[in-house]
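User: Please take a close look at one part of this structure, the pocket and its lining, and explain the terms for a first-year student.

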Amino acid sequence: MQGRPFGVLILGALAIAIAIIRVLVGLQLLGIAIFGSEVWDGSGVFWVGLMTLVVGAIYLGVGWALWSLRPWALMFTMIMAVFGLVDAMFVLMATGNIAYGLAAAAIPALLLWYTSREDIRAQFAAADMAQYTGNPQATGDIGTSGPPTSV
C-alpha cells in the first residue's frame, strides 16, 4: 500500500492549523489566553468563546482523523463541502453577483471533487481494512495495533 495521499496530508494539516487558531481565539474570548481579556458584559462573548473552542476541538479531531485516514473524516469532509456549496448558493442569492457565488463555491467544489475521487476513497477504505486486519504500517499506527507480544 502506498503512503497517504498528499492532498489528504494537506487537508489534515490545514484542519489542525485551523484547530489551533480556533482554540486560541476561543481562549481569548473566554478571557483565559494571554492575548488580552474580553469583558463579560452579557453580550454573548462567553458563549461565542465556548462555541469557538468546540469548533476548534472538532477541527482537531477531523484533522487527526484525516491524517490517520479514518473513513468518517472523509465523509465529514464531503458533507461539509456540500454545506459549503449550499452556502455559496445563498451568497449568490444575497449578493446577486455570479462572481461572488462562484468564488464561494470554488473551494467546496474542489473539496467535493477531490474527496469523491476513486483513488482517494480506495486509500481510506484500505486503511480502514488494515485497521481491522492488524497491519499497523497501513495507517501509520505502529506499536498501537495488535496484541502485546511476550518474550
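Analyst: The following account concerns the pocket and one residue of its lining.

The model is predicted, with local features needing pLDDT of at least 70 and side-chain atom pairs counting only at pLDDT 80 or more, while totals for chains, interfaces and linings use all residues. Residues are numbered from 1 along each chain as its sequence is written, and side-chain values use heavy atoms, leaving out hydrogens and water.

The largest pocket has a volume of about 500 Å³. A pocket is an open set of points on a 1 Å grid over the protein atoms alone, where a 1.4 Å probe fits, with protein on both sides within 12 Å along at least five of seven lines; lining residues have an atom within 4 Å of a point. Grid points are joined across faces, edges and corners, and the volume is the space filled by probe spheres set on them.

The lining of the largest pocket comprises 18 residues, and Ile18, Tyr59, Thr77, Met80 and Leu111 lie nearest its centre. Two or more lining residues come from each of α1 (6-29), α2 (45-67), α3 and α4 (98-116). Of these, α3 gives the most, with six residues. Helices are DSSP runs (H or I, at least four residues), numbered from the N terminus.

Thr77 belongs to helix α3 (residues 71-95). Thr77 is buried, with a relative accessible area of 9%; buried means under 20%, by a 1.4 Å probe with protein chains only. Leaving aside residues up to four places away in sequence, Thr77 touches Leu66, Leu111 and Thr115, where contact means heavy atoms within 4.5 Å.

Conventions: Buried means under 20% relative accessible area, exposed over 50%, partly exposed in between (1.4 Å probe, protein chains only).
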